[in-house]
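Me: I should like a close look at one part of this model, with attention to its charged side chains. Please treat the matter in a connected account.

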Amino acid sequence: VAAMASEPSTQSRVMFQAGDKTEEPAHRKLGKLTVKYNRKDLQRRLDIEEWIDGQLHLLFDCEEEEIPELEIDIDELLELTDEGQRSRLQELLQECGKPKEDFINGLLYRIKGLRKMSGPLKK
């Protein structure tokens, strides 16, 4: 057995045939789609969403399940003027009994410079 292993002509070889070449460019196209979104922008947006979540817990002083149905859409805010953003947030938070100016000012400060997202990652 040792003699057979040392002779290269007796070893088995496995050959793979190349598949249809038209599939390869499709895989390359798929890889480029993910480059559209800047990782720093996504991380910044995630940080803002986590900040919003934490602030809502403080504003409504309750557990997540008890927070009223409230959706703060960052992309919607980005389409509005500064005053429009402020009035939209006041409208969304009208049920909150606590002072909400600090939250509104903090959120408006955090979303400055963010770009509106489009495509599959928009929530």
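With which residue does Arg88 form a salt bridge, and how far apart are the closest N and O atoms?

Reply: Arg88 forms a salt bridge with Glu91, and their closest N and O atoms are 2.8 Å apart. A salt bridge here is a side-chain nitrogen of Lys or Arg within 4 Å of a carboxyl oxygen of Asp or Glu. The model is a predicted one, in which local features need pLDDT of at least 70 and side-chain atom pairs count only at pLDDT 80 or more, while totals for chains, interfaces and linings use all residues. Residues are numbered from 1 along each chain as its sequence is written, and side-chain values use heavy atoms, with hydrogens and water left out.

Both Arg88 and Glu91 belong to helix α5, where they stand three residues apart, about one turn of the helix. Helices are DSSP runs (H or I, at least four residues), numbered from the N terminus. Glu91 has a relative accessibility of 46% and counts as partly exposed; buried means under 20% relative accessible area, exposed over 50%, and partly exposed in between (1.4 Å probe, protein chains only).

Arg88 also forms a salt bridge with Glu76, with the closest N and O atoms 2.6 Å apart. Glu76 lies in helix α4 and Arg88 in helix α5 (residues 82–92), so this pair ties together parts that are 12 residues apart in sequence. Glu76 is partly exposed, its relative accessible area being 28%. Glu76, Arg88 and Glu91 are thus linked in a network of salt bridges.

Helix α5 takes part in a further pairing: the side chains of Asp82 and Lys112 meet in a salt bridge at 3.8 Å, N to O. That pair links distant parts of the chain, since Asp82 is in helix α5 and Lys112 in the segment after α6, 30 residues apart. Lys112, at 48% relative accessibility, is partly exposed. In total, the structure holds five salt bridges.

Helix α4, which contains Glu76, also has a place in the packing of α3. The buried residues of α3 pack against α4 (74–78) and α6 (101–111), contact meaning heavy atoms within 4.5 Å. These buried residues are Arg45, Ile48, Trp51, Ile52, Leu56, Leu59 and Phe60. Seen down the axis of α3, they fall within an arc of 145°, so they line one face of the helix; the arc is that of the directions from the helix axis to the C-beta atoms. The face turned away from this buried side carries the exposed residues Arg39, Lys40, Glu50 and Leu58.

Methods:
Helices (H or I, at least four residues) and strands (E, at least two) are DSSP runs, numbered from the N terminus.
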